[in-house]
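Please open the model in your viewer and keep the sequence panel beside it. The stops below are arranged so that each selection leads on to the next.

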Amino acid sequence: MQRKEFLSSQDWVNIVESVEDALQKDYTAEISIGGGEPYLHNCVFDIMKASKQKGFRCSISTNGSILTKSIIDRSIESGLRGINISLDSLNEEVHDKYRGMKGSYNKVLKALDYIKSTGKLDLSINTVFMKANIDDIIPLAE
């Protein structure tokens, strides 16, 4: 049997739909999309739509490096309710070095500004504590 590397969009939709059957009707579920960079896979929008159709709250964790206004807008339209974005330092060089992508810091800041301006998503920041950013932790939280 040949192993598939990724589940198809329909496989993910089927999983979301099967969750409803396993839950009690008085229970509110959240579908949280994460692992690697989920926005590299177009199926994230199908998962968001299926979650919305089933009445589940849907959130996503992303490094933010490929977020654009159109991706954010499409996410909101698809039913996304919360987003968790990685920001590892207020120092551009530290963040970009840790993320392995020059320019990532600026992309994340632009995405954060746009998300805040929409007022349509619950926003969380994810920070990995490390020696290189230890002095940034309190200012970052503020």
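The tour goes from the whole chain to the sheet, then to two single residues, and ends at the pockets.

This is a predicted model, in which local features need pLDDT of at least 70 and side-chain atom pairs count only at pLDDT 80 or more, while totals for chains, interfaces and linings use all residues. Residues are numbered from 1 along each chain as its sequence is written, and side-chain values use heavy atoms, with hydrogens and water left out.

**The whole chain**

Begin with everything selected and coloured by secondary structure: the protein has 6 helices and 4 strands, where helices (H or I, at least four residues) and strands (E, at least two) are DSSP runs numbered from the N terminus. Followed along the sequence, the pattern reads α-β-α-β-α-β-α-α-β-α. Along the principal axes, the C-alpha atoms fill a box of roughly 45 × 40 × 25 Å. Of the 142 residues, 37% are buried, a term that means under 20% relative accessible area, with exposed over 50% and partly exposed in between (1.4 Å probe, protein chains only). If you draw contacts (heavy atoms within 4.5 Å), then among those between residues at least 6 apart in sequence, 64% join residues at least 24 apart.

**Across the sheet**

Select strand 1 (30–33) together with strand 2 (residues 57–62), which run parallel and are joined by 4 bridges; two strands are taken to pair if DSSP finds at least two bridges between them. I33 has I60 as its bridge partner in strand 2. From strand 1 the chain passes through helix 2 to reach strand 2, and this β-α-β crossover is right-handed, which is to say that, with the strands pointing away from the viewer, the path from the first strand over the helix to the second runs clockwise.

Next add strand 3 (residues 80–86), which is parallel to strand 2 and joined to it by 5 bridges, with I60 standing opposite I83. Here the connection runs from strand 2 through helix 3 (residues 69–78) to strand 3, and this β-α-β crossover is right-handed. Because 5 of its 7 residues are buried, strand 3 is largely enclosed by the rest of the structure. Finish the sheet with strand 4, which runs parallel to strand 3 and is joined to it by 5 bridges; I83 stands opposite L123 in that strand.

**Two buried residues**

Centre the view on G79, in the loop between helix 3 and strand 3, which counts as buried because its relative accessibility is 9%. Leaving aside neighbours within four places in sequence, G79 is in contact with M48, K52 and C58. The C-alpha atoms of G79 and K52 are separated by 5.2 Å, although the two are 27 residues apart along the chain.

Then move to H95 in helix 4 (residues 92–99), where a relative accessibility of 0% means that H95 counts as buried. Beyond its neighbours within four places in sequence, H95 is in contact with S86, L87, D88, S89, S104, Y105 and V108.

**The two pockets**

Which residues lie nearest the centre of the largest pocket? Select W12, I33, G34, C43 and I47, which do so among its 15 lining residues. A pocket here is an open set of points on a 1 Å grid over the protein atoms alone, where a 1.4 Å probe fits and protein lies on both sides within 12 Å along at least five of seven lines; lining residues have an atom within 4 Å of a point. About 290 Å³ of space lies in this pocket, a volume being the space filled by probe spheres set on the points, with grid points joined across faces, edges and corners. Helix 1 (9–22), strand 1 and helix 2 (43–53) each give two or more residues to the lining of the largest pocket. That lining divides into 11 nonpolar, 4 polar and no charged residues, where Ala, Val, Leu, Ile, Met, Phe, Trp, Tyr, Cys and Pro count as nonpolar, Asp, Glu, Lys and Arg as charged, and the others, Gly among them, as polar.

For the last stop, select L87, L90, L109, L112, D113, K116, L123, S124, I125 and L140, which line the second largest pocket, holding about 180 Å³ of space. Helix 5 (104–118) and strand 4 (122–126) each supply at least two of these residues, and the largest share, 4 residues, comes from helix 5. By class, this lining has 7 nonpolar, 1 polar and 2 charged residues.
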